[in-house]
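Hi,

Here is the structure I promised to pass on. Please open it and keep it beside you while you read.

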Amino acid sequence: MRLRVEFTTEPFDLDEPPAHAVAVREVVQGAGLDKVDVGPFGNTAEGGADQVLGAVDALLRKALETGATRVSLQVNVVEGEG
């Protein structure tokens, strides 16, 4: 099964990325996921279920450790993938 995770961390800083945003992006980029897309207002990544779920655990922990006060995320099954 393939999954897609979409997430954001807060608080936002429009002048420069906060430490929690940088740390979480590093986690996701290093998790071996496909189609990683990081942006200023949201991030997405796809991969196998085990890889995505492991990355979600790691990104939640890292975000909270580095100062995030809120993490919003959504996980979807990628249709048509087996």
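Below is what I found in it, starting with the sheet.

Keep in mind that this is a predicted model.

The sheet: four strands form an open, antiparallel sheet in the order E2-E3-E1-E4. Strands E2 (34-38) and E4 (70-77) are the edges, and each pairs on one side only. On average, neighbouring strands are turned by 20° against each other, direction ignored. E2 and E3 (residues 43-48) are paired over three bridges. Look for Val38, whose bridge partner in E3 is Asn43. Helix H1 (residues 19-29) lies across E1, E2 and E3, and runs at about 165° to E1.

The salt bridges: there are seven in the structure. Start with Glu46, which is buried at 7% relative accessible area. Glu46 forms a salt bridge with Arg4, with the closest N and O atoms 2.8 Å apart. Glu46 is in E3 and Arg4 is in E1, so this pair ties together parts 42 residues apart in sequence. Glu46 also forms a salt bridge with Lys35, at 3.7 Å between the closest N and O atoms. Lys35 sits in strand E2 and is exposed, at 61% relative accessibility. A network of salt bridges links Arg2, Arg4, Asp34, Lys35 and Glu46.

Helix H2 (residues 49-65) holds another pair, Lys62 and Glu65, about one helical turn apart because three residues separate them in sequence. Their closest N and O atoms are 3.9 Å apart.

The surface: Phe12, Leu14 and Phe41 form a nonpolar patch with about 380 Å² of accessible area together. Phe41 is in the loop between E2 and E3.

Best wishes

Note on methods. Residues are numbered from 1 along each chain as its sequence is written. This is a predicted model: local features need pLDDT of at least 70, side-chain atom pairs count only at pLDDT 80 or more; totals for chains, interfaces and linings use all residues. Side-chain values use heavy atoms; hydrogens and water are left out. Two strands pair if DSSP finds at least two bridges between them. Helices (H or I, at least four residues) and strands (E, at least two) are DSSP runs, numbered from the N terminus. Axes are lines fitted to C-alpha atoms, for helices over the stretch in contact, and angles run from 0 to 180 degrees between N-to-C directions. Contact means heavy atoms within 4.5 Å. Patches are made of residues with over 30% relative accessible area and no salt bridge: like charges are joined within 9 Å, nonpolar side chains (Val, Leu, Ile, Met, Phe, Trp, Tyr) within 5 Å. Accessible areas come from the Shrake-Rupley method with a 1.4 Å probe; for residues, only the protein chains shown count as cover. A salt bridge is a side-chain nitrogen of Lys or Arg within 4 Å of a carboxyl oxygen of Asp or Glu. Buried means under 20% relative accessible area, exposed over 50%, partly exposed in between (1.4 Å probe, protein chains only).
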